[in-house]
Every structure is written in structure tokens, then in C-alpha cells.
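Trainee: Could you take me through one part of this structure slowly? I'd like a close look at a pair of helices and what surrounds them.

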Amino acid sequence: MYFVTWGIAIVGWYISNRNNNLREDRKEQLSSIETLKDDAYELEGLAVEYHTSSSRNKELEKQIKLKIQRLNQRIEIHQLLNNNSQKCVIKSLRKSITLDNFDTDSHYALTRDCKLDCVSAYIPLGDKPDETIRNRSLRPQSGARH
Amino acid sequence: MKVVNIAKDFSKYPAGRNKADGPYCGELFRETHLEPSMQDNKELTIKLDGTRGYGSSFLEEAFGGLVRAGHTPVKIKKLITIISSDSSLKEEIFEYIDEGGD
């Protein structure tokens, strides 16, 4: 009887500890996703500002390239996307902002209603991390944000 | 095999397509570092890490420009090895090599 009591206590502690770790892990993931979204929106703002400006802004060019690089590193560090999705998303993002009318003296202003492909490039970032979390068997907690 | 570290041997701020766009553009990088090895059929390793980011226009002009200059994608891929911690850059460069003539 003595051993059964201790056994139940240990098993109970193990389950409780495991659930706590999963909950903390999920919190960290969600926090990383929020930061990533903020970075992506900030990058969108810079890209729109750059491409709608009538003159070339070299400082903004440096900022945009650095932000894309950091966004990529953040996704990698927090393992928010699988390798193939990450390559695809970052490549599309970089091309949509920096392939044409970028880093050039013949820069011209695009109109506000002109479509910038960067929007479609980073939309998957909002969905895939959730998928990653699900794949890691982290069950959503009640009231948790999605 | 020759090794070119872009950040050390070219610039930490590679930018632009043509010489009119800036002093460290894709055209200049292609002419000074890529073309000589391609002409001599010598293998070349390019290290991309260490710069403050790349614009696609720089990458397209440097690597896609090799195809427009008359080198075949097969030859380019055989001679040039890309090393980068950002695998999306490597993939993008190979895309430009494959589509360079378009």
C-alpha cells in the first residue's frame, strides 16, 4: 500500500510537470509567432513606403534587406516552418520586394493601389506555425489564441 | 579551388543590378569574381554569409547575367558552389541560373 501511494504521487507529478512544459512551450511558440507577425507587418510598411516613394532611399533599402534576413533567422531559430516552406516563403518575399525597382537609381514610385506580391508571400507565416505546433502534439488550451 | 567570401572580398553591402545603381552591384561582382573563373573553367566557391542582406536584383544580375553572357546553366552549376546559412539564397540563385536567359 505504501508503494502504491508513492507510485501514484510520482505519476501525478510527472503528468502535471509534462502538461506544464507543454503549456510553456506553446506560450513561447505563440509569442514567437506574434513577434514574427509584427516583423512581417513592419517589413510590409517599409516596402510600401519605399516603393511608393518617388525617389530612391538607400537607407530604407539597407533596412529592408536586413529585416528580411532577420525574419529568416527568427523563423529558423524558433523552427516555425519546415525547411522547404521557409525557403519558399523567404525567397518569394525577397523577390517580391527587391527584384524590380529596388537598389536602383532609376527607381520610380508605384501607386498605392498597385499590387505588391509581398502580401501573398508572407500570409502563410500566419498559418504554418500553428500547423507546426499541432505536429508537435501541443494541444490547444481552452481560451488560447489561434 | 578559388573561394570568394562576398563580405570580405567584395562588400558587406552588395546592392544593385548595374554599375549606375551603386559601387558594389551584381554586374561588377559578376565581372570581377565570376566571369574570370568561368572563362578559365575553374571551380569557384562563393560564401554568402557576413553581408547585411542581399537584394534579388543583385543576385539576378550576378548569376542570371552569367547565362545571358553565354555560359550554360549546366556549366555554371558545375563550376560554382554556393555556401550560405540561408538556404533560400542558394535556391534563388539556382533559379536565376536556370531562368537567366529568359
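Mentor: Sure. A word we need right away: a helix here is a DSSP run of H or I that is at least four residues long, and a strand is a run of E of at least two, with numbering from the N terminus. Keep in mind that this is a predicted model. Going by that definition, chain A has five helices and zero strands, so reading from the N terminus you get α-α-α-α-α. Of the 146 residues in chain A, 23% are buried. Take the contacts in chain A with a separation of 6 or more: 74% of them join residues 24 or more positions apart.

Now hop over to chain B, to the pair α3(B) and α5(B). Their axes come within 8 Å and cross at roughly 40 degrees. That makes α3(B) oblique to α5(B). The crossing of α3(B) past α5(B) is right-handed. Who does the touching? On the α3(B) side you'll find B:S56, B:L59, B:E60, B:F63, B:G64, B:L66 and B:V67, and α5(B) brings B:E92, B:I93, B:Y96, B:I97 and B:E99. Sort the residues of this contact by class and you get seven nonpolar, two polar and three charged.

Some of those names come back when we turn to the largest nonpolar core, which has 20 residues. The ones touching the most other members are B:F58, B:L59, B:A62, B:F63, B:I93 and B:I97. Two or more residues each come from α2 (26-39), α3 and α5 of chain B, and α3(B) gives the most, with five residues. Zoom in on B:L59 for a moment: leaving out residues up to four places away in sequence, B:L59 touches B:G26, B:Y54, B:E92, B:I93 and B:Y96. Apart from this core lies another one, of 17 residues, with A:I33, A:L36, A:I75 and A:L81 among them.

One last thing about our two helices: they also turn up where the chains meet. That contact takes 20 residues from chain B and 19 residues from chain A. On the side of chain B that touches chain A, α3 (56-68) and α5 (87-99) each supply at least two residues. By class, that side of chain B has five nonpolar, eight polar and seven charged residues. So you can follow α3(B) and α5(B) through three settings: their own crossing, the largest nonpolar core and the side of chain B that touches chain A.

Conventions. Residues are numbered from 1 along each chain as its sequence is written. Chains are lettered from A and ligands numbered from 1 in the order in which they are written. This is a predicted model: local features need pLDDT of at least 70, side-chain atom pairs count only at pLDDT 80 or more; totals for chains, interfaces and linings use all residues. Two residues are in contact if their C-beta atoms, placed from the backbone, lie within 7 Å. Ala, Val, Leu, Ile, Met, Phe, Trp, Tyr, Cys and Pro count as nonpolar, Asp, Glu, Lys and Arg as charged, and the others, Gly among them, as polar. Axes are lines fitted to C-alpha atoms, for helices over the stretch in contact, and angles run from 0 to 180 degrees between N-to-C directions. Angles under 35 degrees count as roughly parallel, over 145 as roughly antiparallel, 65 to 115 as roughly perpendicular and the rest as oblique. A crossing is left-handed if the near helix is turned anticlockwise from the far one by less than a right angle, and right-handed if clockwise. A nonpolar core is a set of buried Ala, Val, Leu, Ile, Met, Phe, Trp, Tyr and Cys residues joined through C-beta atoms within 7 Å. A residue is buried if 20 or more other C-beta atoms lie within 10 Å of its own, exposed if 12 or fewer, and partly exposed in between; C-beta atoms are placed from the backbone.
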